[in-house]
Amino acid sequence: LKVSKEHKLLDLGCGAGKITEHLFHKTKAHVTGLDYANEAIKAAQKRNTHNKDIEFIVGNMDDLEFPTSSFDIILAIDTLYFASNMSNTIRAIRQCLRPRGKFAAFWSQICQENDSTQNLSPQTTDLAKALADNGFHYETIDQTQHEIKMWKRSIELMIQLKDDFEAEGHIGICLSRLREGKEHLKKYETRRMARYRYIAWQ
């Protein structure tokens, strides 16, 4: 995505706002971070009190209350899983985009044991269906191999740092991360999971 300082960007489901801040510093665009976690938003607001081009607001992706054509770019980085009705959320995203605006999302699709692996195709994921239902055109980039490498590296680091985590009283975090990594790798390596980056436009 080409982002300039003239653009308005929405980070949908920004959490603590660290990625939102990175996006601002990298692009100099006017950036808005939205999340339903009130305390996380308050902390992000406090860090950026004196910056008029980055703002954080409490909101719900199930009920986006922005005026029509508010943003040039909307991002959803692993957050759309939490939408109560993804098709409705995608419809609201479309309304919030300006003409020629773009929507970008990272999406991991999981195929259950009894499901067809055809559901892992980038054209048949839950997100792809919601985009098509709402008249979006889109292109995808397969991020699966990159994700596998990331989880393998994460597991290696947790094993290397296990004693340090234990010494600091945080062994639970280490074991949780190890367990999560192994579960993800198993799904990827048995072709029950795939990861994509979507770029969509009207």
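Leaving aside its neighbours within four places in sequence, which residues is His30 in contact with? In this predicted model, His30 is in contact with Lys5, His7, Lys8, Leu9, Lys52, Asp53 and Glu55, once those sequence neighbours are set aside. The residue belongs to strand S2, one of seven strands that form an open sheet of mixed pairing, and the chain as a whole holds seven helices alongside those seven strands.

**Overall form**

- Read from the N terminus, the elements of the chain follow the order β-α-β-α-β-β-α-β-α-β-α-α-α-β.
- The radius of gyration of the chain is 18 Å, close to the 17 Å that the globule rule gives for 202 residues, and the chain is therefore as compact as a globular protein of that length.
- The C-alpha trace spans about 50 × 45 × 30 Å along its principal axes, and 42% of the 202 residues count as buried.
- The accessible surface of the chain comes to about 11900 Å², with 50% of it belonging to carbon and sulfur atoms.
- Where contacts link residues at least 6 apart in sequence, 67% of them join residues at least 24 apart.

**The sheet and the helices packed on it**

- The strands of the open sheet lie in the order S3-S2-S1-S4-S5-S7-S6; strand S3 (54-58) and strand S6 (137-142) stand at its edges, and because each has a single partner strand, one side of each is left without a neighbour in the sheet.
- From one strand to the next, the twist averages 20 degrees.
- Strand S1 (residues 8-12) and strand S4 (residues 71-77) run parallel and are joined by three bridges, with Asp11 standing opposite Leu75 in S4.
- Helix H2 (residues 38-47) packs on the sheet, where it touches strand S2 (30-35) and S3, and the direction of H2 makes about 160 degrees with that of S3.
- Helix H3 (residues 86-96) also packs on the sheet, touching S1, S4 and strand S5 (97-110), and the direction of H3 makes about 150 degrees with that of S5.

**Helix H3 in detail**

- The buried residues of H3 are Met86, Ser87, Thr89, Ile90, Ala92, Ile93 and Cys96, and what covers them includes S1, S4, S5 and helix H4 (126-133).
- The N-terminal end of H3 is capped by Asn85, which places a side-chain oxygen 3.2 Å from the backbone nitrogen of Ser87.

**His30 in strand S2**

- With a relative accessibility of 17%, His30 falls under the 20% limit and therefore counts as buried.
- One of the residues in contact with His30 is Glu55, and the side chains of His30 and Glu55 make a polar contact at 3.3 Å.

**Two residues with positive phi**

- Most residues other than glycine have a negative phi, which gives the context for the next two entries.
- Asp78, although not a glycine, has a positive phi of about 55 degrees; Asp78 lies in the loop between S4 and H3 and, at 27% relative accessibility, counts as partly exposed.
- Arg100, likewise a residue other than glycine, has a positive phi near 70 degrees; Arg100 is placed in strand S5 and, with a relative accessible area of 86%, is exposed.

How values were computed: Residues are numbered from 1 along each chain as its sequence is written. This is a predicted model: local features need pLDDT of at least 70, side-chain atom pairs count only at pLDDT 80 or more; totals for chains, interfaces and linings use all residues. Side-chain values use heavy atoms; hydrogens and water are left out. Two strands pair if DSSP finds at least two bridges between them. Helices (H or I, at least four residues) and strands (E, at least two) are DSSP runs, numbered from the N terminus. Axes are lines fitted to C-alpha atoms, for helices over the stretch in contact, and angles run from 0 to 180 degrees between N-to-C directions. Contact means heavy atoms within 4.5 Å. The radius of gyration is taken over C-alpha atoms; the globule rule is 2.2 Å times the number of residues to the power 0.38. Buried means under 20% relative accessible area, exposed over 50%, partly exposed in between (1.4 Å probe, protein chains only). Accessible areas come from the Shrake-Rupley method with a 1.4 Å probe; for residues, only the protein chains shown count as cover. A polar contact is a pair of N or O atoms within 3.5 Å; within protein, one must be able to donate a hydrogen and the other to accept it, and residues adjacent in sequence count only if both atoms are side-chain atoms.
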